[in-house]
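The following note sets out several points on the ligand site and the domain arrangement. Please read it alongside the model.

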Amino acid sequence: MKRNHVLGAKQFDREMLEGIFQTTREMERVVANGGSDRYSNKVMTTLFFEPSTRTRLSFESAMSRLGGKVIGTENAAQFSSTIKGETLEDTIRVVSGYSDVIVIRHTDIGAAERAAAVATVPILNAGDGAGEHPTQALLDLYTIEKEIGRIDGIHIAMIGDLANGRTVHSLSYLLTNYRNIHISFTAPENVQIPTYVKKYLDDHGISYEEEYDLTKVAEKADVLYQTRIQKERFMSLDEYEKASGKYIIDRELLTHMKQDSIILHPLPRAGEIAVEVDEDPRAAYFRQAQNGLYIRMALIEKCFEE
Ligand code: CP
């Protein structure tokens, strides 16, 4: 990784992924043993131009548990000098001088790459518009391996807003590092998986289908990866309503799922997984969110590797 940035999922190969997951397992032990002070001389800046609960707080917790300090803003669009017209590039040049790593979430696709082009410290992409969310995809993949015991050979169903769901794009790219993967894309037609993602899968020999029957998918998938319909990214309410409420995981759907399958969701949810599902042992989405802490500790460690 150039300057150890994390910008997109395509930058990772299988060896790198296995290295990150090994470090992540070590980080689980670090947390269990009360944390570490190994980065007590390091400062992380979190610059969030879009709302977040999990990504920002798990990065901040990760840095704290490694002894480092955190500065930043949770509403950079309003509370940074962006509102006075400062460019992203100028902000990053300045903040590079205050910190050893910058975590950025932005509304614009490609914002993390723009930041990396001028930064003098590692940039970690915490989501760029409807583009990518590579650190989420890393924790998703880690969760699959931890819950199922393997990644090779899995059948994963990606459900919901696959056009705007940046985690789906990044996870699809990461899966090209594994063997015998099959992906079912189950989405309302106006938010189906983009052509450019399918092209990348074709180029890497990954088997996939567009399947509109969720029950049929649930009967055969090892992983149901549900996502929220991202209301904030639609141009009109009419388009949003065409996509909303079509695919819901509820108690009835559980009866069709394999006993050893799991349900993941990057969260937040907005009704697409009924609360009654939470009690089922296959509901792995809160364990998945917890893994975000460990993955982000591992990524901080990788950032500071020579
Ligand atoms: N999964 C995820 O990115 O959640 P937040 O928007 O809360 O960070």
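1. How far is an oxygen atom of the ligand from an N or O atom in the side chain of Ser-52? In this predicted model, the separation is 2.6 Å.

2. Backbone atoms also take part in polar contacts with the ligand. Thr-53 places a backbone N or O atom 2.8 Å from an oxygen atom of the ligand. At Pro-266, a polar backbone atom lies 2.8 Å from a nitrogen atom of the ligand. On its own the ligand has 250 Å² of accessible area, of which the protein covers 92%.

3. Turning to the full shell, the residues around the ligand are Ser-52, Thr-53, Arg-54, Thr-55, Arg-105, His-133, Gln-136, Pro-266 and Leu-267. Sorted by class, this shell comprises five polar, two charged and two nonpolar residues.

4. As for the location of the site, the ligand takes up the space of the largest pocket.

5. The domain assignment of the chain gives two entries: domain 1, covering 2–132 + 292–303, and domain 2, covering 134–289. Domain 1 is thus listed with two segments, 2–132 and 292–303. Each of these domains supplies at least three residues to the shell around the ligand.

6. The relation between the domains can be described by two further values. Taken over C-alpha atoms, the centres of domain 1 and domain 2 are 25 Å apart. Contacts between them involve 31 residues of domain 1 and 29 residues of domain 2.

7. In summary, the ligand occupies the largest pocket, has 92% of its accessible area covered by the protein, and is surrounded by residues drawn from both domain 1 and domain 2.

Notes:
Residues numbered from 1 in each chain as written. Predicted model: local features only at pLDDT ≥ 70, side-chain atom pairs only at ≥ 80, totals over all residues. Heavy atoms only, no water. Near = heavy atom within 4 Å. Polar contact = N/O pair within 3.5 Å; in protein donor to acceptor, adjacent residues only side chain to side chain. Areas by Shrake-Rupley, 256 points an atom, 1.4 Å probe, with all protein chains shown as cover. 1 Å grid on protein atoms, 1.4 Å probe; cavity = no way out; pocket = protein on both sides within 12 Å on 5 of 7 lines; lining within 4 Å. Sits in = over half its atoms within 2 Å of the grid points. Nonpolar A, V, L, I, M, F, W, Y, C, P; charged D, E, K, R; others polar. Domains from an automatic or database assignment. Contact = heavy atoms within 4.5 Å.
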